[in-house]
Amino acid sequence: MGFAGAADAGETLAISADEDVVRVRQLTRTVAVKVKLSLVDQTKLVTAASELARNTLVYGGGGTAEVTIVDNGRRRGVRIVFSDQGPGIVDLGLALTDGYTTGGGMGLGLSGSRRLVDEFDIETAVGQGTRITVTKWAR
């Protein structure tokens, strides 16, 4: 685990029902504790993971969440990759606008989730799905 970008083998959870969103939250919390994120950072990451898992279910028609411990040589963190084969995001700029929501979730939307994590990357293509990668580093 010593070199930059090292990662533990992650755990992948299917997201196809409400219970799966809960399981993503629980796994995220467990892994966040393991890498010694502060309580505040645990809460931020779990909140973002919950919102993104719900988006994967509701807008992506289901998909997966892969939770991995990462190490950049200076500190450890948690990386979560949410993937779906849904319709994709037509207007990514709009979807990332503060306050933009189509309803349903906690109202955080993508912009709120992005603010809760240290790194946020999104790849989407209309008709091909969406892949969102978030990382939260231990301080």
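1. A convenient place to enter this predicted model is the pairing of two residues across neighbouring strands, where F82 has I132 in β6 as its bridge partner. The strands concerned are β4 and β6, the latter covering residues 129–137, and they run in the antiparallel sense with 8 bridges between them.

2. Strand β4 also pairs with β3, which spans residues 63–71, and here too the sense is antiparallel, with 9 bridges. Within this pairing, the residue that stands opposite R79 of β4 is T68. The two strands form a hairpin with 4 residues between them, and in this hairpin G73 adopts a positive phi near 95°.

3. Is β4 mostly covered or not? The strand comprises residues 76–84, and 7 of its 9 residues are buried, so that mostly covered is the fitting description, given that buried stands for a relative accessible area under 20%.

4. Turning to the helices, α1 (18–34) and α2 (39–58) are joined by a loop in which K36 is found. A reader checking the backbone should note that K36 has a positive phi of about 65°, although this residue is not a glycine. Most residues other than glycine have a negative phi. The side of the chain at K36 is not hidden, since this residue is exposed with a relative accessible area of 68%.

5. The two helices on either side of that loop pack against each other, with an angle of about 155° and with axes 9 Å apart. Because angles over 145 degrees count as roughly antiparallel, α1 is described as roughly antiparallel to α2. The crossing of α1 and α2 is right-handed.

6. Which residues of α1 meet α2? On the α1 side they are D18, V21, V24, R25, T28, R29, A32 and V33, while the α2 side contributes L39, Q42, T43, L45, V46, A49, S50, A53, R54 and L57. Sorted by class, this contact of α1 with α2 contains 10 nonpolar residues, together with 4 polar and 4 charged ones.

7. For the chain as a whole, there are 4 helices and 6 strands, and, read along the sequence, they follow the pattern β-β-α-α-β-β-α-α-β-β. Of the 139 residues in the chain, 45% are buried. Among contacts between residues at least 6 apart in sequence, 64% join residues that are at least 24 apart.

Notes:
Residues numbered from 1 in each chain as written. Predicted model: local features only at pLDDT ≥ 70, side-chain atom pairs only at ≥ 80, totals over all residues. Heavy atoms only, no water. Buried < 20%, exposed > 50% of the residue type's maximum accessible area, 1.4 Å probe, protein only. Pairing = 2+ DSSP bridges. Axes fitted to C-alpha atoms, helices over the stretch in contact; angles between N-to-C directions. Parallel < 35°, antiparallel > 145°, perpendicular 65-115°, else oblique. Left-handed = near helix turned anticlockwise from the far one by under 90°. Contact = heavy atoms within 4.5 Å. Nonpolar A, V, L, I, M, F, W, Y, C, P; charged D, E, K, R; others polar.
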